[in-house]
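Work through these short exercises with the model open beside you. Each one sets a task and then solves it step by step.

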Amino acid sequence: MRKALAVLLLLLLVSPLVSAGQVSYYPDKGSFLRFLNSKTTYRVVPGRDYWAKGWARYVDAKLGEVLQHGNGTLVLVGNVYENPEMKRLWNRTGLPEKASLSPMIIVLNGTVFITGSEDNIYLTHEAFAGVWSPPGKELAVFAFLAFVIVLLFGLLLRRDRSYSARFFLLGASLIFVWFTLSERPVLPGGFLKFFFRALAVSAGEIPSSPLLALVGNVFSLLPPTDEVLWLAHWLFLLTMTGLFFYVAPRRERALGFLAFGLVFSSPIFRSQVATVGTALPGLVLMLLAIAIATNSSFVPGLGRTAEILVLAGATLLASLFNPYLLLFSLFFALTYPGRRLRNSSYLFLVWLGFLLLCRVYGFGWLSRWMDFQLHRDFIGSLLLQSLLGLVVVAYALSTGLRRIRWRGPTAFITLSTLAFLVVAPFVSGFFPYVLTLVSILAVRLVHSVIQT
């Protein structure tokens with residue numbers, strides 16, 4: 001009777017924490033922290049379901065940063081209904097089996113239970129927030145890739161015989177200063193769920209979207225830790241800095257620094273790209289597609305075929321993060337007239353690839369982008385955050401509308417910006433895309449007016 005009463009009291013104490021979306025610890029959080037700071041070895045045993053196997057990969061990677069593998073402590077991940085080893089040892093906890101469906105960290109002698117269900121075990125991520133120790137190998141790879149990105153863009157921009165390379169180095173240095181001053185990232189709840197599903201895919205689960213398939217396959221090759229996400233995030237920021245110079249006019253690459261400044265002067269933009277998530281990779285791929293579309297020569301021959309394939313691949317890959325980027329292929333065909341074979345090939349490849357993806361993964365993954373609701377604060381935020389860019393656009397249109405060449409890159413970016421401005425107030429997540437396009441358009445229009 002006393003044992004049952006104690007269990008009931010424990011459950012009453014645990015339930016408010018679970019309902020508040022937090023993790024429960026037994027006997028207390030200090031026991032888990034002592035385990036992390038101990039000299040013991042550990043061995044992770046996941047459940048049979050893919051979601052448990054995927055989360056066990058995360059747990060194993062995080063524990064591996066502070067502990068050594070071995071047979072010292074048994075770490076069980078999952079719940080008693082799908083983890084046989086946890087079911088065998090569960091009686092030691094004195095809790096009913098249903099309690100294992102709640103996100104909890106239970107520390108007993110020689111055993112650690114990390115419990116939960118498919119709907120909530122990712123909340124135990126909170127327990128590992130204090131584990132922050134990027135391995136030297138990962139830091140070395142990051143430093144090498146950052147050096148390669150800076151060197152590659154620096155050498156390519158140096159060919160222009162302008163100040164573009166120096167401006168890029170200035171932009172890159174600002175990113176590195178931001179990197180050194182940044183704090184540990186906090187994964188937003190929405191992205192944490194996505195991260196959890198991607199880990200399940202990396203463990204063998206059938207993905208429900210092409211983006212989950214892409215990220216899941218990446219995590220099957222890389223350590224699935226917060227540190228890896230954080231380092232990859234800064235590599236994306238560095239790459240985006242360089243791409244700004246390739247969406248500027250060819251003869252004035254240095255104007256890319258102006259577009260870079262217009263975008264990063266927005267506090268909302270900085271806050272959104274500073275958060276680890278899918279927004280930044282989507283922006284980088286959008287810039288890549290624009291850079292390829294506005295810089296390729298498309299001269300007839302084998303080179304043109306390769307350029308069309310690369311452009312179609314970049315556009316299709318960007319559409320995984322924002323399906324509305326598929327419109328780029330249509331706007332390209334409308335603003336780059338005269339070469340029907342090139343335009344039709346680009347359109348055909350992009351939309352054929354998209355339809356094949358929908359045939360494999362269904363249309364359910366598009367629902368998030370089809371949930372049209374008016375976001376009343378969007379227009380106010382855009383006007384406030386992109387005021388300088390909009391003023392530049394208005395000035396260029398008012399002083400040199402007839403001098404602007406409404407064909408080619410400028411027309412392509414103008415149509416893209418207008419289309420995104422129409423959709424953005426009704427679909428969430430469009431702010432960084434619209435702000436980036438407005439900044440690029442401002443630079444393009446000013447250059448067109450000055451040159452003519």
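**Exercise 1. Classify Arg-270 by exposure and place it in the fold.**

Solution. Arg-270 has a relative accessible area of 32%. Buried means under 20%, exposed means over 50%, and partly exposed lies in between (1.4 Å probe, protein chains only). Arg-270 is therefore partly exposed. This is a predicted model, in which local features need pLDDT of at least 70 and side-chain atom pairs count only at pLDDT 80 or more, while totals for chains, interfaces and linings use all residues. Residues are numbered from 1 along each chain as its sequence is written, and side-chain values use heavy atoms, with hydrogens and water left out.

Next, the element. Arg-270 sits in helix H11 (residues 267–273). Helices (H or I, at least four residues) and strands (E, at least two) are DSSP runs, numbered from the N terminus.

Now the neighbours. Beyond four places in sequence, Arg-270 contacts Trp-178, Phe-264 and Ser-265. Contact means heavy atoms within 4.5 Å. A polar atom of the Arg-270 side chain lies 3.4 Å from the backbone oxygen of Ser-265.

Last, a long distance. The C-alpha atoms of Arg-270 and Lys-98 are separated by 43 Å, and the two residues are 172 residues apart along the chain.

**Exercise 2. Describe the protein chain as a whole.**

Solution. Start with the elements: the chain has 19 helices and 6 strands. Then take the dimensions. Along the principal axes, the C-alpha atoms fill a box of roughly 90 × 45 × 40 Å. Of the 452 residues, 50% count as buried. The chain exposes about 21800 Å², and carbon and sulfur atoms supply 64% of that area. Areas come from the Shrake-Rupley method with a 1.4 Å probe; for residues, only the protein chains shown count as cover. Finish with contacts. Among those between residues at least 6 apart in sequence, 72% join residues at least 24 apart.

**Exercise 3. Find the nonpolar cores and the residues with the most contacts inside the largest one.**

Solution. Set the rule first. A nonpolar core is a set of buried Ala, Val, Leu, Ile, Met, Phe, Trp, Tyr and Cys residues joined through side-chain atoms within 4.5 Å. The largest core has 131 residues. Those with the most contacts inside it are Phe-32, Trp-55, Leu-63, Val-75, Phe-195, Met-240 and Phe-264. Helix H19 (residues 431–451) gives the most to this core, with 12 residues. A second, separate core has 12 residues, among them Val-80, Leu-95, Met-104 and Ile-106.

Zoom in on Val-75. Its contacts beyond four places in sequence include Phe-35, Tyr-42, Val-59, Leu-63 and Ile-114.

**Exercise 4. Decide whether Thr-73 is buried or exposed, and name its polar partner.**

Solution. Thr-73 is in strand E4 (residues 73–78). Its relative accessibility is 8%, so Thr-73 is buried. Its side chain makes a polar contact with the side chain of Thr-40 at 3.1 Å. A polar contact is a pair of N or O atoms within 3.5 Å; within protein, one must be able to donate a hydrogen and the other to accept it, and residues adjacent in sequence count only if both atoms are side-chain atoms. Thr-73 also touches residues including Phe-35, Gly-110 and Val-112.

**Exercise 5. Analyse the salt bridges.**

Solution. A salt bridge puts a side-chain nitrogen of Lys or Arg within 4 Å of a carboxyl oxygen of Asp or Glu. The whole structure holds 8 salt bridges.

- Arg-34 pairs with Asp-28 at 3.9 Å, N to O. Arg-34 is exposed at 55%, while Asp-28 is partly exposed at 36%.
- Glu-65 pairs with Lys-62, with the closest N and O atoms 3.7 Å apart. Glu-65 is buried at 15%, and Lys-62 is buried at 1%.
- Glu-97 pairs with Lys-87, with the closest N and O atoms 3.1 Å apart. Glu-97 is partly exposed at 33%, and so is Lys-87 at 44%.

One network remains: salt bridges link Lys-62, Glu-65, Asp-226 and Glu-227.

**Exercise 6. Locate the cis peptide bond.**

Solution. The bond from Tyr-26 to Pro-27 is cis, with omega near 0°. Pro-27 lies in the loop between strand E1 (24–26) and helix H2 (29–36).
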